[in-house]
Amino acid sequence: MEYLIRFAQAHESFRQPEIQALADLAGVKVEFIHYDKNSPFCIIRLPDEAAARAVITRSIIAKDIFELWGQGTNFEEVYADVRGRTEDRWAQYRDSSFRFTIDSFAGKRSSEKKREIIQSFSFLGFKGPIRMKNPDQDFWVFEDFGLDLNSPGTPRPEGQEPKVIYFGRWIANSSRDVVNKYDLKKRRYISTTSMDAELTLITANMAHAAPGKLFYDPFVGTGSFLVAMSHFGAETFGSDIDGRSFRGKEMMERGGTMGVLSNFQQYNMVGRFMDVFTSDLTNTPLRSAQFLDGIICDPPYGIREGLRVLGRREGLKNEEVIIDGVPAHYRPGYIAPKKPYGFEAMLNDILNFAVRTLVTNGRLAMWMPTANDEEVELAVPMHPNLEVVNVSVQPFYSWSRRLITYRRLPEGQVSDVSQGRQKMDAQGVYADQLNEFRRKYFMKNPPDSSKSGRESSAS
């Protein structure tokens, strides 16, 4: 059966992948019949109405889904299509309360014209009461006037006719409203690197966060991804090389501690928050076994500050420091030494860690920066035991960032890595020598004008 999805007109490259991910999570087959990146409307084929509800109810970037009753380039075509698709089912809705709504994308209709359109569907023969609130059946007419790419925010002048018309029966709303609930402006504990709620929730969907699953963020920061994963029912924990990022500051006047935990208290999800701890991927205390259902992370890019990992730079003496007879690393407040860390090495370590710790079919959803200029574009990291499920892009100016979603393959299966990143970091001990992305970034953005990028150290 065909269904009509109405998307938010935002984050276009994430729209289809999120629906596909949710269909995979629900265990249903979805087929994309029609999709246009410049339109909010998408036609898909699903087995039944239950499948449509399962896919849409936790979507963040879609608004709602409708059973498609008809479509056409004019209303005569729509009426004919409605008769051909649904005439045998009109009787089951004849005595139900109902409502009609007209929605125009990139265009507008007068109230008189809307009434005329609604009355033109009288051939359906509905006899039930018209109920504007909570009707038994909710029918929608969507008119797509086509986006004017030269001025996308300006609707078409009244009098123009739509390019496509859809008629459908409402099935279910999405979870898009929760974006407002988790808005960073309302959150107790954030930092300048906290990712916005919409993208963290979409990332959690791409990674299949769900009840009964264990998820981990190795670059936890202020815990934005933990909150998103827990919203969908997952048990979550994380780590960071800098414990100050997740501990926060003591707020005596509030009688508590600001930090990642305070966000879970705010959203009444403390039961899904396991813990956070200080660590990095090269010195992790986590056991090397397949026990994680998912990993979500936004690794640091090392732009303003070079990437760091626990350890001492080559050539420095590794002598134990004693203070008042106590080794320094046993004293409260001890900060372990760190050494420069390569960007490519970090990406390889993340993939290797995922292969060691993800269960079969578990997912890694990793954000990675790249350039819009093809000459300096960074290739997608690959691993033979990980399948690249999808790559979505959020563009900025001269740079973009990509959300790369991987699936842990069963033992014995391998992926084609011939198109992936083949080279490693250049040799060296300093940040600029070890970070190709940092070098390429400053080729386009001189240091004194750099205003973006993650500033935290590698976890």
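**Figure 1. The whole chain carries 12 helices and 20 strands.** The model is predicted. The chain has 459 residues, and 51% of them count as buried. Contacts often reach far along the sequence. Among those between residues at least 6 apart, 75% join residues at least 24 apart. The chain exposes about 21900 Å². Carbon and sulfur atoms supply 48% of that area.

**Figure 2. Phe41 and Phe142 form one of the aromatic pairs.** The structure holds 31 aromatic pairs. In this one, the ring centres are 5.1 Å apart. The planes meet at 50 degrees, so the pair is tilted. Phe41 belongs to strand β3 (residues 41-45), and Phe142 to strand β6 (residues 137-144). The pair therefore ties together parts that are 101 residues apart in sequence. Both Phe41 and Phe142 are buried.

**Figure 3. Ring pairs link a cluster of aromatic residues.** Three tryptophan and tyrosine members to find are Trp69, Tyr79 and Trp90, which are among those linked. Tyr93 is also included. The phenylalanines in the cluster include Phe75, Phe98, Phe100, Phe121, Phe123 and Phe126. Phe139 and Phe167 are part of the cluster as well.

**Figure 4. Strand β7 pairs with β4 and with β6.** Strand β7 spans residues 164-173 and is mostly covered. Of its 10 residues, 7 are buried. Strand β4 (residues 62-72) runs antiparallel to β7, and 8 bridges join the two. Here Phe66 has Trp170 of β7 as its bridge partner. Strands β6 and β7 are also antiparallel, with 6 bridges between them. Val141 is matched with Phe167 of β7. Phe167 is also a member of the aromatic cluster.

**Figure 5. Helix α6 is largely enclosed by the rest of the structure.** The helix covers residues 197-206. How many of its residues are buried? The count is 10 of the 10, so the helix is largely enclosed. Buried residues include Glu198, Thr200, Thr203 and Asn205. Leu199, Leu201, Ile202 and Met206 are buried too. At the start of α6, Asp196 offers a side-chain oxygen within 3.1 Å of the backbone nitrogen of Glu198. Just after the helix, His208 adopts a positive phi of about 70 degrees.

**Figure 6. Two arginines lie over aromatic rings.** The charged end of Arg287 sits over the ring of Phe291. It is 4.9 Å from the ring centre. Arg401 lies over the face of Trp367. Here the distance to the ring centre is 5.0 Å.

Key. Residues are numbered from 1 along each chain as its sequence is written. This is a predicted model: local features need pLDDT of at least 70, side-chain atom pairs count only at pLDDT 80 or more; totals for chains, interfaces and linings use all residues. Side-chain values use heavy atoms; hydrogens and water are left out. Rings of Phe, Tyr and Trp (its six-membered ring) pair if their centres lie within 6.5 Å; planes under 30 degrees apart count as stacked, over 60 as edge-to-face and the rest as tilted. Helices (H or I, at least four residues) and strands (E, at least two) are DSSP runs, numbered from the N terminus. Buried means under 20% relative accessible area, exposed over 50%, partly exposed in between (1.4 Å probe, protein chains only). A charge sits over a ring if NZ of Lys or CZ of Arg is within 6 Å of the ring centre and within 35 degrees of the ring normal. Contact means heavy atoms within 4.5 Å. Accessible areas come from the Shrake-Rupley method with a 1.4 Å probe; for residues, only the protein chains shown count as cover. A polar contact is a pair of N or O atoms within 3.5 Å; within protein, one must be able to donate a hydrogen and the other to accept it, and residues adjacent in sequence count only if both atoms are side-chain atoms. Two strands pair if DSSP finds at least two bridges between them.
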